[in-house]
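The following note sets out several points for consideration alongside the coordinates. Comments are grouped by region.

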Amino acid sequence: MKGYGVYGLPTNLSFSADMLSMFTRGWIIAYPHIRGSGDSGYEWHESAKQLNKINSVNDYLACIRYLHDNGFSTPARTGATGASAGATILACAALREPELFHAIALHFPFLDVLSALLDDSHALTVFDRNEWGNPHDAKSRAFIQSICPYHITLSLLSSNPVVPVPARLPHMCVVAGVDDPRIQTWQPAKFVAAQRLLRERRKVSGDLLFRMLDVKGHFGVGGRYGKLDESTFEIGFFNHYIK
């Protein structure tokens, strides 16, 4: 599953030669058209903004269940990948219903949404608040915290978790860059540290990989061979964990 569902952007359905090696191994690639994207026009995006952002997560989970119910996949053979804010939706979905996923890959992920939106000095804060809400409002802050992957992880370590503590989480691969102007390095690093602590203290199974790339920018390694390296790593991750 490759999804996004944020900022009113339409799903990118362009051909990708990187996927050919997966097709030859029998993989099915699914692109969910979830609310929050621009796939069905202006209202499709507006119906999953701010206090309604959970609709993006619910749609993502509904698409996963559809694939399972109609024989396209099973939980043990389901992988998902998301980038930037799309990784927020995927991580939130996987933490809420981990039994639906076997492995997930999060690229340059927006994982500490609440802390980022509280940072008035960041250039994207005003733009992001229009999508996720303003945490200076108490109701919005509570909602943002409930869908923020980092804070969901913290709650699983507390005595009052927002979702049940799972026995197993999907195998996770988190990829970040050391000089990303949109997603600062501390965001994925904090998430990975909290996930490691969760696995240790709560005895939650599921492997956790953290790959930090020495690159500038928000879109990964540049150039033809750099992109191939990233794609090869992700394909190898999924082929290793999903047989």
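1. The model under review is predicted. A suitable place to begin is the surroundings of helix H8: the cover over its buried residues includes H4, helix H5 (113-117), helix H7 (138-147) and helix H9 (186-201). The buried residues themselves are Pro149, Tyr150, His151, Ile152, Thr153, Ser155 and Leu156. Because seven of the eight residues of H8 are buried, this helix is largely enclosed by the rest of the structure.

2. The packing of H8 against H4 deserves separate comment. Helix H4 spans residues 85-96 and helix H8 residues 149-156; their axes lie 9 Å apart and meet at an angle of about 20°. With angles under 35 degrees counting as roughly parallel, the two helices are therefore roughly parallel to each other. The handedness of the H4 and H8 crossing is left-handed.

3. Which residues form this contact between H4 and H8? On the H4 side they are Thr88, Ala91, Cys92 and Leu95, and these meet Pro149, Ile152 and Thr153 of H8. By class, the residues of the contact comprise five nonpolar, two polar and no charged. Pro149, Ile152 and Thr153 also appear among the buried residues of H8.

4. Threonine 81 is located in strand E1, which covers residues 79-83. Its relative accessibility is 9%, so threonine 81 counts as buried, the cut-off being under 20%. Beyond its neighbours within four places in sequence, threonine 81 is in contact with Met1, Lys2, Gly3, Tyr60, Leu90, Ala105, His107, Glu234 and Phe238. With glutamate 234 there is a polar contact, side chain to side chain, at 2.9 Å. As a further reference distance, the C-alpha atoms of threonine 81 and leucine 100 are 14 Å apart, with a sequence separation of 19 residues.

5. Two backbone angles should be inspected. Most residues other than glycine have a negative phi. Tyrosine 7, however, has a positive phi, near 65°, and is not a glycine. Tyrosine 7 sits in the segment before helix H1 (20-23), and at 18% relative accessibility it counts as buried.

6. The second such case is glutamine 50, where phi is positive at about 50° although the residue is not a glycine. Glutamine 50 belongs to the loop between helix H2 (42-46) and helix H3 (54-69). Is glutamine 50 buried or partly exposed? Its relative accessibility is 32%, so glutamine 50 counts as partly exposed, whereas tyrosine 7 counts as buried.

Conventions:
Residues numbered from 1 in each chain as written. Predicted model: local features only at pLDDT ≥ 70, side-chain atom pairs only at ≥ 80, totals over all residues. Heavy atoms only, no water. Helix = DSSP H or I, 4+ residues; strand = E, 2+ residues; numbered from the N terminus. Buried < 20%, exposed > 50% of the residue type's maximum accessible area, 1.4 Å probe, protein only. Contact = heavy atoms within 4.5 Å. Polar contact = N/O pair within 3.5 Å; in protein donor to acceptor, adjacent residues only side chain to side chain. Axes fitted to C-alpha atoms, helices over the stretch in contact; angles between N-to-C directions. Parallel < 35°, antiparallel > 145°, perpendicular 65-115°, else oblique. Left-handed = near helix turned anticlockwise from the far one by under 90°. Nonpolar A, V, L, I, M, F, W, Y, C, P; charged D, E, K, R; others polar.
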